[in-house]
Amino acid sequence: MNFYIFLVTVENLEEAQKIAHLLVENKLAACVNIIQNILSVYEWKERIEESNEHILIIKTVEEKSDTLIKKINEIHSYEIPECIGVRIEKGSEKYLKWVKEVLD
């Protein structure tokens with residue numbers, strides 16, 4: 001079984017909490033960490049922008065990843081939401097077992 005961490009930035013804490021709860025309640029994520037108040041610098045519509053955002057760190061399994069991406073795109077307030085998945089190469093066996101059990 002392959003495990004993943006997805007990174008998703010959001011505009012405000014309310015949206016972060018809404019997305020986190022929806023993903024966990026629908027068993028698309030075992031856990032979502034919310035890191036508040038990050039500064040993002042990026043190009044958008046030919047301008048360099050800076051935004052205060054929050055980032056979600058989402059733990060899931062590969063089997064749930066396509067549905068997770070689809071759900072983020074459906075409910076996110078951004079025109080093009082960041083949703084980047086990184087495969088977990090190593091991890092605590094007990095933690096990864098817990099992730100699998102929660103998402104079964």
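**Notebook: rings, bridges and helix 2**

I opened on tryptophan 98, which is partly exposed at a relative accessible area of 36%. Note to self: this is a predicted model, and every value below is computed from it.

**Entry 1: tryptophan 98 and its neighbour**

I looked up where tryptophan 98 sits. Tyrosine 95 and tryptophan 98 both belong to helix 3 (residues 93-103), 3 residues apart, or about one turn of the helix. That spacing caught my eye because an α-helix has 3.6 residues a turn, so residues three or four places apart point the same way. Tyrosine 95 comes out at 33% relative accessibility, so I put it down as partly exposed.

**Entry 2: aromatic pairs**

How many aromatic pairs are there? I get 2. One of them joins tyrosine 4 and phenylalanine 6, with 6.2 Å from centre to centre and 35° between the planes, a tilted arrangement. Tyrosine 95 and tryptophan 98 also pair up: their ring centres are 5.4 Å apart and their planes sit at 40°, so this pair is tilted too. For the cut-off, planes under 30 degrees apart would have counted as stacked and those over 60 as edge-to-face. I checked burial for the other pair as well: tyrosine 4 is buried, and phenylalanine 6 is buried.

**Entry 3: valine 8**

Next I went to strand 1, where valine 8 lies. Is valine 8 buried or exposed? Its relative accessibility is 0%, so buried it is. I then pulled its contacts, leaving out residues up to four places away in sequence: His54, Ile55, Leu56, Ile58, Ile72, His76, Glu82 and Cys83. I also took a C-alpha distance from valine 8 to valine 24, which is 16 residues along the chain, and got 15 Å.

**Entry 4: helix 2**

Ile72 turned up in that contact list, and I found it again among the buried residues of helix 2, with Ser65 and Leu68. What do the buried residues of helix 2 pack against? They pack against strand 1 (3-10), helix 1 (13-25) and strand 3 (47-61). I checked the geometry too. Helix 2 runs over residues 62-75, so to speak 14 residues, and its end-to-end C-alpha reach is 20 Å, close to the 20 Å expected at 1.5 Å a residue.

**Entry 5: glutamate 25**

Helix 1 also holds glutamate 25. With a relative accessible area of 60%, glutamate 25 goes down as exposed. I paired it with glycine 85 for a distance check: 60 residues apart in sequence, 20 Å apart in space, C-alpha to C-alpha.

**Entry 6: salt bridges**

Side chains of opposite charge can pair when their charged atoms come close, and I went looking for such cases. I count 5 salt bridges in the structure. One of them links lysine 45 to glutamate 79, with 3.6 Å between the closest N and O atoms. Lysine 45 is in the loop between strand 2 (31-44) and strand 3, while glutamate 79 is in the loop between helix 2 and strand 4 (84-87), so this bridge ties together parts that are 34 residues apart in sequence. Lysine 45 and glutamate 79 are both exposed.

I noted another between glutamate 49 and arginine 47, at 3.9 Å from N to O. The cut-off is 4 Å. Glutamate 49 is partly exposed at 22%, whereas arginine 47 is exposed at 54%.

A further one joins lysine 100 and aspartate 104, at 3.1 Å from N to O. Lysine 100 is partly exposed at 34%, and aspartate 104 is exposed at 61%.

**Entry 7: the loop between strand 2 and strand 3**

Back to lysine 45, this time for its backbone. Its phi is near 55°, a positive value in a residue other than glycine. Which other residue has a positive phi although it is not a glycine? I found glutamate 46, with a phi of about 65°. Glutamate 46 lies in the loop between strand 2 and strand 3, where lysine 45 is also found. Lysine 45 has 59% relative accessibility, so it counts as exposed; glutamate 46 is exposed at 76%.

**Entry 8: a nonpolar patch**

Last lookup: Leu39, Val41 and Ile48 make up a nonpolar patch on the surface, with about 320 Å² of accessible area together. Isoleucine 48 is in strand 3. At 62% relative accessibility, isoleucine 48 goes in the exposed column.

Key
Residues are numbered from 1 along each chain as its sequence is written. This is a predicted model: local features need pLDDT of at least 70, side-chain atom pairs count only at pLDDT 80 or more; totals for chains, interfaces and linings use all residues. Side-chain values use heavy atoms; hydrogens and water are left out. Helices (H or I, at least four residues) and strands (E, at least two) are DSSP runs, numbered from the N terminus. The expected span of a helix is 1.5 Å times one less than its number of residues. Buried means under 20% relative accessible area, exposed over 50%, partly exposed in between (1.4 Å probe, protein chains only). Contact means heavy atoms within 4.5 Å. Patches are made of residues with over 30% relative accessible area and no salt bridge: like charges are joined within 9 Å, nonpolar side chains (Val, Leu, Ile, Met, Phe, Trp, Tyr) within 5 Å. Accessible areas come from the Shrake-Rupley method with a 1.4 Å probe; for residues, only the protein chains shown count as cover. A salt bridge is a side-chain nitrogen of Lys or Arg within 4 Å of a carboxyl oxygen of Asp or Glu. Rings of Phe, Tyr and Trp (its six-membered ring) pair if their centres lie within 6.5 Å; planes under 30 degrees apart count as stacked, over 60 as edge-to-face and the rest as tilted.
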